[in-house]
Each structure stands twice: as C-alpha cells, then as structure tokens.
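Reader: Could you walk me through this structure and tell me how each label was earned?

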Amino acid sequence: MVKPMVGLVGRRRRFGDLAGTPDALAGLDIDLYFADYTRGVIEAGGFPVHVPIDVDPADVIERCDALLLAGGTDVDPGRYGRAPETDLFLPEAERDTLELALMDGAVEHGIPTLGICRGLQVVNVHGGGTLEQHVPEHARYDLDPATEIHTVRLASDSRLGSFYGESITVNSLHHQMIEHLADDYRATAWDDSGRVEGAEHESLPIVGVQWHPEMMRGRSTDPIFGWLIDAAVASWP
C-alpha cells in the first residue's frame with residue numbers, strides 16, 4: 001500500500017548553534033525538528049517528508065497528502081496585532097511565513113492538518129485568533145518531556161473526544177496558549193483553569209493540541225497520528 005506523505009516543517013538554525021561543530025561550517029543554515037514527530041507519522045503508517053524553510057508552499061500543497069505543524073519558537077505577535085510581551089523564544093519570520101502560507105493551502109484544499117504545540121498556535125493565528133504570550137506554569141522544561149503533568153478535559157462530540165474519551169493526562173512544554181479562538185474553530189480540550197488545550201476546525205480536517213503526543217510514552221499507538229494518516233488516505237480520489 002502506498003503511504004500518504006506528511007509534510008513537516010522544522011526550525012531554521014545555524015550549524016554553529018550545535019556543540020562541537022567545525023568553525024568553518026558554523027555559519028551554515030540547518031533545518032531541524034525532533035525525530036519524535038517523524039516516528040509518530042511512521043508508526044501510524046505515513047511517510048514523513050521534510051519541508052525546507054525556502055520551499056514554495058504551493059509545491060508542498062500540491063504534493064503532500066497531509067501536514068504536521070510541529071512545536072518550536074513563538075509566533076510573531078505582530079501576526080495577530082500585538083506587541084511582544086516576552087523574548088523567551090524569539091520568532092522566526094521565515095517559518096511563520098511558510099507555515100501560514102501552508103495553512104492557506106490546507107484551508108483552500110481541505111488538506112488534513114495536525115498542529116502540535118506551536119502548530120496549534122499557528123492554526124489559531126492563521127484563522128484570526130490571538131495568543132496568551134506567557135503562561136510559565138505550563139512550561140515544564142525541568143522534567144522529562146514524557147512526564148504527565150495535568151489532565152485535559154475533552155468534548156465528547158469532538159474528534160479529540162473520540163480519540164481519548166472524557167479526559168487525558170498530558171505532558172506540558174509550552175509557555176504560550178490560545179487567548180481568543182479563531183473563527184470557524186471550536187475548542188474541544190481544556191485544562192483545569194479553562195484554558196484551551198485543543199481545537200478543531202468546524203468543517204475541515206484540521207486538529208490542534210497544545211501538548212506533545214509525539215513525546216509521550218504512548219506515541220506508537222496514539223490515535224491522533226492514526227487520524228492524520230486515515231484522513232490523508234480518505235482524501236485520495
């Protein structure tokens with residue numbers, strides 16, 4: 001069986017940011033993301049495809065069967081009409097531009113899309129929503145990334161509810177969250193304080209979560225990756 005291709009965008013960094021790199025190569029650009037994302041796609045039956053920062057987004061939309069918008073640095077607050085309130089993870093303009101253009105294509109062509117952490121935030125900003133720029137109690141960088149931190153409540157009549165039931169205990173590696181939800185989306189997961197931990201498009205196959213399912217111990221059987229691959233296959237003519 002042909003495996004659906006899932007486009008995945010990484011971060012643009014300098015090679016010199018990595019320890020032990022030769023000085024002569026330090027100024028070269030690299031694109032990178034955690035391999036856990038690709039492992040989640042592979043385990044669910046998909047074929048992950050690296051999407052370079054410099055690519056024409058139209059080519060990605062034409063060739064990929066689904067998109068996975070991964071975690072990373074902050075979305076530029078200017079994208080949702082706000083001034084910066086934190087400099088913890090500085091925005092990367094090129095990545096914002098590419099991923100927002102990919103969302104244009106996903107919405108126009110109904111391409112299945114999974115947003116994880118920053119990915120959910122990109123989805124929300126693309127739809128016209130805003131972000132709460134600093135929620136430090138959720139940024140548990142002091143623990144193993146698979147550590148289950150808090151329980152998320154899920155809407156029973158939602159995709160996320162069908163995946164996980166009434167609730168799920170998740171990890172927590174973000175310092176920003178949805179503030180105002182974008183039009184055409186509905187919140188379908190919440191933390192104990194009522195903040196949005198997951199959202200879905202009202203009519204299109206677009207789902208986002210604030211936690212990191214790819215870093216949790218149940219990744220190989222996590223239904224969210226299976227949904228992405230199944231939705232990609234279902235979109236084939």
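What follows is a friendly exchange about burial, cores, a pocket, strands and backbone angles.

Author: Happy to, and please keep in mind that this is a predicted model.

Reader: Let's start at the beginning of the chain. Why is Met 1 called exposed?

Author: Met 1 has a relative accessibility of 86%, and exposed means over 50%, so Met 1 counts as exposed. Met 1 is found in the segment before β1 (5–9). Its C-alpha is 23 Å from that of Asp 36, which is 35 residues apart from Met 1 in sequence.

Reader: And what makes Asp 59 partly exposed?

Author: Its relative accessibility is 33%. Buried means under 20% and exposed means over 50%, so Asp 59, in between, is partly exposed. Asp 59 is found in helix α2 (residues 57–63). Between the C-alpha atoms of Asp 59 and Gly 46 there are 19 Å, with the two residues 13 apart along the chain.

Reader: Arg 12 is a charged residue. How do you know whether Arg 12 is buried or exposed?

Author: The value for Arg 12 is 18% relative accessibility. The cut-off for buried is under 20%, so Arg 12 counts as buried. Its place is in strand β2.

Reader: What does Arg 12 touch?

Author: Leaving out residues up to four places away in sequence, Arg 12 touches Asp 29, Ile 30, Asp 31, Ile 53, Asp 54, Glu 92 and Glu 94. His 180 is 168 residues apart from Arg 12 along the chain, and their C-alpha atoms are separated by 28 Å.

Reader: Now the interior. Which residues touch the most other members of the largest nonpolar core?

Author: Those are Leu 68, Leu 160, Trp 211 and Ile 224, in a core of 29 residues. Helix α6 (residues 223–234) gives the largest share, seven residues. Another core lies apart from this one; it has 24 residues, among them Val 9, Ile 111, Ala 182 and Ile 206.

Reader: What surrounds Leu 68?

Author: Beyond residues up to four places away in sequence, Leu 68 touches Val 6, Gly 7, Leu 8, Val 9, Tyr 37, Val 41, Leu 114, Ile 116 and Phe 225.

Reader: What makes up the lining of the largest pocket?

Author: There are 25 lining residues, and Arg 11, Phe 34, Gly 71, Gly 72 and His 212 lie nearest the centre. By class, the lining divides into 12 nonpolar, eight polar and five charged residues. β2 (11–14) and α4 (118–126) each supply at least two of them. The space in this pocket is about 540 Å³.

Reader: You mention α4. Why is α4 called largely enclosed?

Author: Eight of its nine residues are buried, so α4 is largely enclosed by the rest of the structure. The buried ones are Arg 118, Gly 119, Leu 120, Gln 121, Val 122, Val 123, Asn 124 and Val 125.

Reader: What happens in the backbone just after α4?

Author: Gly 128 takes a positive phi there, about 100°. Cys 117 has a positive phi too, about 55°, although Cys 117 is not a glycine. Cys 117 sits in the loop between β6 (113–116) and α4. With 6% relative accessibility against a cut-off of under 20%, Cys 117 counts as buried. Asp 184, in the loop between β10 (177–178) and β11, is not a glycine either, and its positive phi is about 75°.

Reader: Which residues of strand β8 are on its covered face, and which on the uncovered one?

Author: His 150, Val 152 and Leu 154 form the covered face of β8 (residues 150–154), while Thr 151 and Arg 153 form the uncovered one. In a regular strand, side chains alternate between the two faces of the sheet.

Reader: How does β8 pair with strand β9?

Author: The two are antiparallel, with four bridges, and Val 152 has Ile 168 of β9 as its bridge partner. β8 also runs antiparallel to strand β11 (residues 185–190), joined by two bridges; there, Leu 154 stands opposite Ala 189.

Reader: Last one: what makes Thr 188 buried?

Author: Thr 188, in strand β11, has a relative accessible area of 0%; buried means under 20%, so Thr 188 is buried. Not counting residues up to four places away in sequence, Thr 188 touches Arg 153, Leu 154, Ala 155, Ser 158, Leu 160, Gly 198, Ala 199 and Glu 200.

Key. Residues are numbered from 1 along each chain as its sequence is written. This is a predicted model: local features need pLDDT of at least 70, side-chain atom pairs count only at pLDDT 80 or more; totals for chains, interfaces and linings use all residues. Side-chain values use heavy atoms; hydrogens and water are left out. Buried means under 20% relative accessible area, exposed over 50%, partly exposed in between (1.4 Å probe, protein chains only). A nonpolar core is a set of buried Ala, Val, Leu, Ile, Met, Phe, Trp, Tyr and Cys residues joined through side-chain atoms within 4.5 Å. Contact means heavy atoms within 4.5 Å. On a 1 Å grid over the protein atoms alone, a cavity is a set of points where a 1.4 Å probe fits but cannot get out, and a pocket is an open set with protein on both sides within 12 Å along at least five of seven lines; lining residues have an atom within 4 Å of a point. Grid points are joined across faces, edges and corners, and a volume is the space filled by probe spheres set on the points. Two strands pair if DSSP finds at least two bridges between them.
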